[in-house]
Amino acid sequence: MADNEERKTKKTKNRPSCLGYPVSIFFIVVNEFCERFSYYGMKAVLVLYFKYFIGWDNDLSTTIYHTFVALCYLTPILGAIIADSWLGKFKTIVYLSIVYTIGQVIMAISAIHDITDTDKDGTPDNMTFHTAMSMLGLILIALGTGGIKPCVAAFGGDQFEEHQEEQRSTFFSIFYLSINAGSLLSTLITPILRAQECGIYSKQSCFPLAFGVPAALMVVALIVFIAGHGMYIMESPKGNILLQVMNCIGFAVSNRFNHRGKQYPKREHWMDWAEEKYDKLLIAQVKMVLKVLFLYIPLPMFWALFDQQGSRWTLQATTMDGNFGAFIIQPDQMQIVNPILIVIMVPIMDSVVYPLIKKCGLNFTPLRRMTVGMVLAALAFVAAALLQIQIDQTVPDFPSNSQTQVKFLNLEETSVPVIVEGQEPFVVPGFDSSNDYMTLDKMVVMVSAGDRNATAIFVRGKRQTVLMNANGMQSILNDITEKPNQGMNAIRFVNGFRSPLNFSIKSDHLGSIAYLQASDYLIVTHGKANFSIVNQEGQTCHYILQLGFGSSYTVLISSNFTFGESCTENIKAVEDIEPNGIHMAWQIIQYFLITCGEVVFSVTGLDFSYSQAPSNMKSVLQAGWLLTVAVGNIIVLIVAEAGSLPDQWAEYVLFACLLVAVSIIFAVMAYFYTYIDPAEIEAKFMEIKPEDEKKKGLEMMTKDNLAYVNNEINSMDVKQTKI
């Protein structure tokens, strides 16, 4: 031990420093910023990648998303064991960062649709390849980001000497500032990159760029970290306290099982059965840890709700209006509301709310705060459910597989009476459409348009439009049967002019459309769409249509259409699917509630946990806390796959009710919990005075555990779940 300290002293004597800080920590801070940018940037667009690129439905996209997040919070235990028992922190960070980088690169490659788009139609021909590549990439990313999670902060703490306690404390503040900065910037930037269009043969949402930039940042993180190699203090592995705790518990259980007969006297606590192999101090420390871990049992339900910000809430935002006036908010950008509110709410809670509650004479204990946090998260999902109900009212009621929905388009300037077999007669105004789609159970019906009767054959499960003029029914068009993806708009043209016309917007051309024929749908982004209409003589008419999010229009060209300055007077856009009518800003309510819940739950929970645990077992509680996040995500994927609720709002209500029930259970557990002073308990076993325990405890702690303590104490002002 003395030799090891001597070698370490010689190594640190001539280390370069800046403003009293070892230069090596700047490499670590930059590494952490780039790594967090990489992780949160990729994660921000992940569920939309599943839905729009891979083509999975909302439930499967949610399931895979939360499976990935769960893996990211399970692997830190593996990373800690590898670092403490085998490779050491530096090698663990480097090796797993390489795995991490490879995973990010694979994700970026998996999103390049041109790789398998042999027919150049914009759709990959081998989706199995893209799916397999993305799954491999996500597994590697989960191993990498989770594996280095418990190592980087502790490795940063290792860079300071004993007399640099103040600098170490400041380092952790800067360290977590870099985490939040990386998260904020990536959540803002990568959705913008995704919204761009890119491709070799056809232009699609630029998921390769949205994944490629995080991959590049991970390469930078790895290079920067390795570049500081010569300046780091690197300690040899000293054994992992988590393994010691697990072995102690395992021995106690097996020993109790082997001595389960009545002839063996009972012991005060089941952990006392480990006394044959382990000293009483370790057993007492494990008892304190288990007491806190028992309170962790209900906690996964909170994370089950909290982590749906990146899945269900992002999918909800895709059905909303993102027009914020001067700028457009992408659905996946709404996630940035949470970290912004965190920065605002933490100091407000600490400086205003908690002191005010204390002045009112209320005993707002940590466990009571956590209970309130759970209730606030449940209220956030109630708000999400109410918002979803409003959204559902704006979504068209598409036909079932046994029905069809039909509307009529009149290309004449005069009204045309229509009689559909089994329906009330109605009149379609000139150069317009019938009011709404009518639902038919029969697929073969007689239709009378004007003075002409005809038999119409419709298709089950479809929306269809009947084109007609004074000569009766002319043709039947197939309409889209779902809202356009990603807030785009579907536009088609119907030519009522007497000669063929060409329609285009920017580089997209629909070709020549004959008289009484309809074009295919053009997928157009929101904003002003400037369409060009050209005849065979080369005359051009420019038609501008203001588009929202998620709408569909059929643009009618009248028989009286003429080219010239007034050409647009004989063009009419008929709305088939109305644009998203609920503004994205309404989501801020649920984000505010769940962020308030996070502040009083997560920050308080970690603070409470460490105050109730032995000083050398902080990392054990860190592992337990991360495990609750993983289990919470597993709950979501179970509900998403096994749940049979027909409406999304009902699922939100289900989660809210489950969390309320769990919060009641947690409140009861908290009521019977007795707060302890771990220092006093440890002092009894160590036969030293309680006031000397802090000094003795610090001497017992490894540098790794000391880093964990400072890590958590100094992170009370930042977002805890980004550890």
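This report covers the overall make-up of a predicted model, then three of its helices, and then single residues in helices and loops.

## Overall make-up

The protein has 723 residues, and 55% of them are buried. Its secondary structure comes to 20 helices and 21 strands. The C-alpha atoms fill a box of roughly 105 × 60 × 55 Å along the principal axes. Contacts reach across the sequence. Take those between residues at least 6 apart: 73% of them join residues at least 24 apart.

## Helix H13

Helix H13 covers residues 337-359, 23 residues in total. From first C-alpha to last, H13 reaches 31 Å, close to the 33 Å expected at 1.5 Å a residue. H13 has a kink of about 50°. Where is the kink centred? On Met 349. Met 349 is also one of the buried residues of H13.

The other buried residues of this helix are Val 337, Asn 338, Pro 339, Leu 341, Ile 342, Met 345, Val 346 and Tyr 354. What do the buried residues of H13 pack against? Four helices serve as partners: H7 (165-195), H11 (300-306), H14 (366-394) and H15 (587-611). Just after H13 comes Gly 361, with a positive phi of about 85°.

## Helix H17 and its packing on H14

Helix H17 spans residues 648-671. H17 has 24 residues and reaches 35 Å from first C-alpha to last, close to the 34 Å expected at 1.5 Å a residue.

H17 packs with H14 at an angle of about 170°, and the two axes lie 8 Å apart. The pair is therefore roughly antiparallel. The residues of this contact divide into 21 nonpolar, 4 polar and 1 charged.

The buried residues of H17 include the aromatic residues Tyr 652, Phe 655 and Phe 666. Also buried are Ala 650, Glu 651, Ala 656, Leu 659, Val 662, Ser 663, Met 669 and Ala 670. Their cover includes helix H10 (280-295), H11, helix H12 (312-317), H14 and H16. H11 and H14 also appear among the helices that the buried residues of H13 pack against.

Ala 656 gives a residue-level view of H17. Ala 656 has a relative accessible area of 3%, so it counts as buried. Which residues does Ala 656 touch, beyond those up to four places away in sequence? They are Leu 305, Ala 378, Phe 381 and Val 382. Ala 656 and Met 374 are 282 residues apart in sequence, yet their C-alpha atoms are 9.4 Å apart.

## Glu 641 in helix H16

Glu 641 sits in helix H16, which runs over residues 618-642. Is Glu 641 buried or exposed? Its relative accessibility is 47%, so Glu 641 counts as partly exposed. Leaving out residues up to four places away in sequence, Glu 641 touches Asp 59, Leu 60 and Thr 63. Thr 62 is 579 residues from Glu 641 in sequence, and the C-alpha to C-alpha distance is 8.8 Å.

## Loop residues

Three loop residues are set out below.

| Residue | Loop between | Relative accessibility |
|---|---|---|
| Phe 431 | E7 (426-428) and E8 (432-433) | 9%, buried |
| Phe 458 | E11 (452-457) and E12 (463-469) | 5%, buried |
| Gln 486 | E13 (472-478) and E14 (489-495) | 25%, partly exposed |

Phe 431 has phi near 50°, a positive value in a residue other than glycine. Gln 486 also has a positive phi as a residue other than glycine, here near 60°. Why does Phe 431 count as buried? Because its relative accessibility of 9% falls under the 20% cut-off. At 25%, Gln 486 is above that cut-off and therefore counts as partly exposed.

Phe 458 is buried, with a relative accessible area of 5%. What touches Phe 458, beyond residues up to four places away in sequence? Its contacts are Thr 404, Val 406, Leu 440, Met 443, Val 445, Gln 464, Val 466 and Ile 476. Thr 394 is 64 residues from Phe 458 in sequence and 26 Å away, C-alpha to C-alpha.

Notes. Residues numbered from 1 in each chain as written. Predicted model: local features only at pLDDT ≥ 70, side-chain atom pairs only at ≥ 80, totals over all residues. Heavy atoms only, no water. Helix = DSSP H or I, 4+ residues; strand = E, 2+ residues; numbered from the N terminus. Buried < 20%, exposed > 50% of the residue type's maximum accessible area, 1.4 Å probe, protein only. Contact = heavy atoms within 4.5 Å. Expected span 1.5 Å × (residues − 1). Bend = angle between axes of the 7 residues up to and from the residue. Axes fitted to C-alpha atoms, helices over the stretch in contact; angles between N-to-C directions. Parallel < 35°, antiparallel > 145°, perpendicular 65-115°, else oblique. Nonpolar A, V, L, I, M, F, W, Y, C, P; charged D, E, K, R; others polar.
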